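Look at the structure below and follow its strands one by one. The text starts with the sheet, then turns to the cores, a pair of rings and a single threonine.

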Amino acid sequence: MNGQCACGSVKFITPTDKPLNLFHCHCIECRRQSASAFGTSAIFPFFRVDDNPNVSHFSRVCDSGRKQSCYFCNKCGSRILHAHVVDGGDPQVVAVKGGLLEGLEWKNAKHIYTRSAVVPIPPGVEFWVAEPNFERAK
């Protein structure tokens, strides 16, 4: 899939034509970074964006205790993707911000951290009150 930040300084192509999974995260941090009721993350096999000079990053610790690197455009500030830090190596997957992707199919997204939701969770969707069971969410 083709993706780009708001100003177009960071453009990328995902390694697969569609995501492995799609999550709407209702945690407070995702609400802050998206400036909305939830953040949408499309999960793809690992790929790099930090070779672009317009990409910066910072690290934070998630509610789960995992360390996460957050990549963003240093021109417009758009969040690009997140990667959970793995001891001594690259992560297996990255979480690309859904709004950056052309042609993303939004249906069938799973809702996570619904304990913090500020909008109703649609009936019949898969959801977790906190971090999902990633084995079941594949």
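A residue is called buried when its relative accessible area is under 20%, and exposed when that area is over 50%. By this rule strand 7 is mostly covered, since five of its six residues are buried. The model is a predicted one, and the values given here are computed from it.

Where does strand 7 sit in the sheet? Seven strands make up an open sheet with mixed pairing, and their order is 5-6-7-8-4-3-9. Strand 7 therefore has strand 6 on one side and strand 8 on the other. The edges are taken by strand 5 and strand 9 (110–112). Each of these two has a single partner strand, so one of its sides has no neighbour in the sheet. On average, neighbouring strands are turned by 30° against each other, direction ignored.

The pairing can be followed strand by strand. Strand 6 and strand 7 run antiparallel and are joined over five bridges. One residue pair to look for here is Tyr-71 with its bridge partner Leu-81 in strand 7. The hairpin of these two strands has five residues between them, and in it Gly-77 takes a positive phi near 85°. Strand 7 also pairs with strand 8, again in the antiparallel sense, over two bridges. There, His-82 has Ala-95 of strand 8 as its bridge partner. Towards the other edge, strand 3 (residues 21–25) and strand 9 pair in the parallel sense over three bridges. Phe-23 has Lys-110 in strand 9 as its bridge partner.

Next come the nonpolar cores. In soluble globular proteins, nonpolar side chains tend to be buried together. In this model the largest nonpolar core has 21 residues, and Phe-12 and Ile-80 have the most contacts inside it. At least two residues of this core come from each of strand 4, strand 6, strand 7 (79–84) and strand 8 (93–97). Strand 7 gives the largest share, three residues. Another core, of nine residues, lies apart from this one, and includes Phe-23, Cys-27, Ala-95 and Trp-128.

What does Ile-80 touch, leaving aside its neighbours within four places in sequence? Among its contacts are Val-10, Phe-12, Val-49, Tyr-71, Phe-72, Val-96 and Leu-100.

The ring of Phe-72 also belongs to an aromatic pair. A pair of aromatic rings is described by the distance of the centres and the angle of the planes. The whole structure holds two aromatic pairs. One of them is formed by Phe-58 and Phe-72, with 6.1 Å from centre to centre and 50° between the planes, and it counts as tilted. Phe-58 lies in strand 5 (residues 55–61) and Phe-72 in strand 6 (residues 67–73), so the pair ties together parts that are 14 residues apart in sequence. Phe-58 is partly exposed, at 34% relative accessibility. Phe-72 is partly exposed as well, at 23%.

The last stop is Thr-40, which is in strand 4 (residues 39–45). Is Thr-40 buried or exposed? Thr-40 counts as buried because its relative accessible area is 10%, and the limit for buried is under 20%. Its side chain makes a polar contact of 2.8 Å with the side chain of His-24. Not counting residues up to four places away in sequence, Thr-40 also touches Leu-22, Phe-23, Val-96 and Trp-106, among others.

Note on methods:
Residues numbered from 1 in each chain as written. Predicted model: local features only at pLDDT ≥ 70, side-chain atom pairs only at ≥ 80, totals over all residues. Heavy atoms only, no water. Helix = DSSP H or I, 4+ residues; strand = E, 2+ residues; numbered from the N terminus. Buried < 20%, exposed > 50% of the residue type's maximum accessible area, 1.4 Å probe, protein only. Polar contact = N/O pair within 3.5 Å; in protein donor to acceptor, adjacent residues only side chain to side chain. Contact = heavy atoms within 4.5 Å. Phe/Tyr/Trp six-rings, centres within 6.5 Å; stacked < 30°, edge-to-face > 60°. Core = buried A, V, L, I, M, F, W, Y, C linked by side-chain atoms within 4.5 Å. Pairing = 2+ DSSP bridges. Axes fitted to C-alpha atoms, helices over the stretch in contact; angles between N-to-C directions.
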